[in-house]
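Hello,

Here is the structure I promised to pass on to you. Have a look at it first, and then read on for my notes on what turned up.

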Amino acid sequence: MPPLPSTRRGPAARIVGRVLTCAVFALAGLLFCVSALTARGTNLRTDDSLLRLTDVIREKSGQNQQTQHQVAALQQQVDGLAEQQGQDPADVRRLAALERAAGLDPLKGPGLAVTLNDAPPGATARIPGVPEPGPNDLVIHQQDIQAVVNALWRGGAKGVQVMDQRLIATSAVRCVGNTLILQGRVYSPPYVVRAVGDTTALRAAVDADPYISNYLQYVNAYGLGWKVDQNRSMTLPGYNGTVDLRYARAVP
């Protein structure tokens with residue numbers, strides 16, 4: 001049996017080993033510094049920063065809701081004071097008609113209520129041959145809600161409400177992730193869209209919309225929520241937010 005090779009090292013080998021050891025420690029220190037600067041005092045392995053951002057958004061949403069109620073109360077006081085000033089009856093009637101057309105007054109009549117919801121947790125394909133869903137296939141998107149709103153307008157809706165807010169000409173439906181942001185307030189699914197109008201025409205417009213038809217394919221394939229209720233009488237609230245136009249202008 002041949003002898004084992006010698007394991008003793010000379011002075012040169014020991015120097016090389018020390019240099020490599022110092023290099024390893026220096027590299028480790030550099031990595032710790034970079035990690036600390038990137039994290040800026042936060043935990044990189046958690047979503048605490050995102051959670052805090054969500055909390056801030058929801059807090060601001062609640063504040064916006066309170067402010068809207070205050071604005072509505074003040075507007076009622078302004079309207080009452082204006083009536084006491086003895087305005088021309090013709091002007092009062094004309095103003096009332098404009099407020100109804102703008103969606104500032106409550107609206108009552110027959111209509112439809114459409115509910116959209118995310119798929120159940122852990123949903124899989126329900127139809128043979130359909131690919132397994134990705135995360136984006138299982139949640140409601142902005143275009144899904146917008147498709148329902150647009151279809152109801154095309155069906156002759158006299159007024160449309162999303163969640164607890166009336167839509168007006170300047171309203172915009174926006175989604176961030178799987179949450180809806182509407183007129184400064186944040187909502188989570190299920191999302192309810194209500195419209196007052198001729199229920200037959202409203203339902204026909206919903207059934208004929210190609211974007212809704214595409215959404216219904218995902219309903220059948222992955223279990224997304226979809227429900228349409230017809231109501232003989234429903235009341236939509238008047239819009240109580242600000243109606244001031246806001247725009248941007250380029251600085252010369």
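Four salt bridges are present in this structure, which is a predicted model. Side chains of opposite charge can pair when their charged atoms come close. One of the four joins the side chains of Arg 154 and Asp 209, with 2.2 Å from N to O. Arg 154 belongs to helix H4, while Asp 209 sits in the loop between helix H5 (199-208) and helix H6 (210-222), so this pair ties together parts that lie 55 residues apart in sequence. The two partners sit in contrasting surroundings: Arg 154 counts as exposed because its relative accessibility is 55%, whereas Asp 209, at 2%, counts as buried.

Another salt bridge links Asp 207 with Arg 203, whose closest N and O atoms are 3.3 Å apart. Both residues lie in helix H5, separated by four residues, or about one turn of the helix. Asp 207 is partly exposed at 48% relative accessibility, and Arg 203 is also partly exposed, at 35%. Lys 227 and Asp 229 form a salt bridge too, with 3.8 Å between their closest N and O atoms. Here Lys 227 is partly exposed at 47%, and Asp 229 is partly exposed at 29%.

What about a charged residue that has no such partner? Arg 166, found in strand E3 (residues 165-166), is buried yet has no salt bridge. The nearest side chain of opposite charge belongs to Asp 105, 7.8 Å away. Polar atoms of the Arg 166 side chain do have backbone oxygens beside them, though: that of Asp 105 at 2.9 Å and that of Pro 237 at 3.1 Å.

Now to the sheet. Three strands form an open, antiparallel sheet in the order E4-E5-E6. Its edges are strand E4 (173-176) and strand E6 (185-187), each pairing on one side only. On average, neighbouring strands here are turned by 30° against each other, ignoring direction. Helix H4 (residues 142-154) packs on this sheet and touches E4 and E5, and its direction makes about 160° with that of E4.

E4 and strand E5 (residues 179-182) pair over four bridges, with Cys 175 opposite Leu 180 in E5. Two residues lie between the strands of this hairpin, where Gly 177 takes a positive phi near 65°.

Which side chains of E4 are buried, and which are not? Val 173 and Cys 175 point to one face and are buried, while Arg 174 and Val 176 point to the other face and are not.

Best wishes

Note on methods. Residues are numbered from 1 along each chain as its sequence is written. This is a predicted model: local features need pLDDT of at least 70, side-chain atom pairs count only at pLDDT 80 or more; totals for chains, interfaces and linings use all residues. Side-chain values use heavy atoms; hydrogens and water are left out. Two strands pair if DSSP finds at least two bridges between them. Axes are lines fitted to C-alpha atoms, for helices over the stretch in contact, and angles run from 0 to 180 degrees between N-to-C directions. Contact means heavy atoms within 4.5 Å. Buried means under 20% relative accessible area, exposed over 50%, partly exposed in between (1.4 Å probe, protein chains only). Lys and Arg count as positive and Asp and Glu as negative; His and the chain ends are not counted. A polar contact is a pair of N or O atoms within 3.5 Å; within protein, one must be able to donate a hydrogen and the other to accept it, and residues adjacent in sequence count only if both atoms are side-chain atoms.
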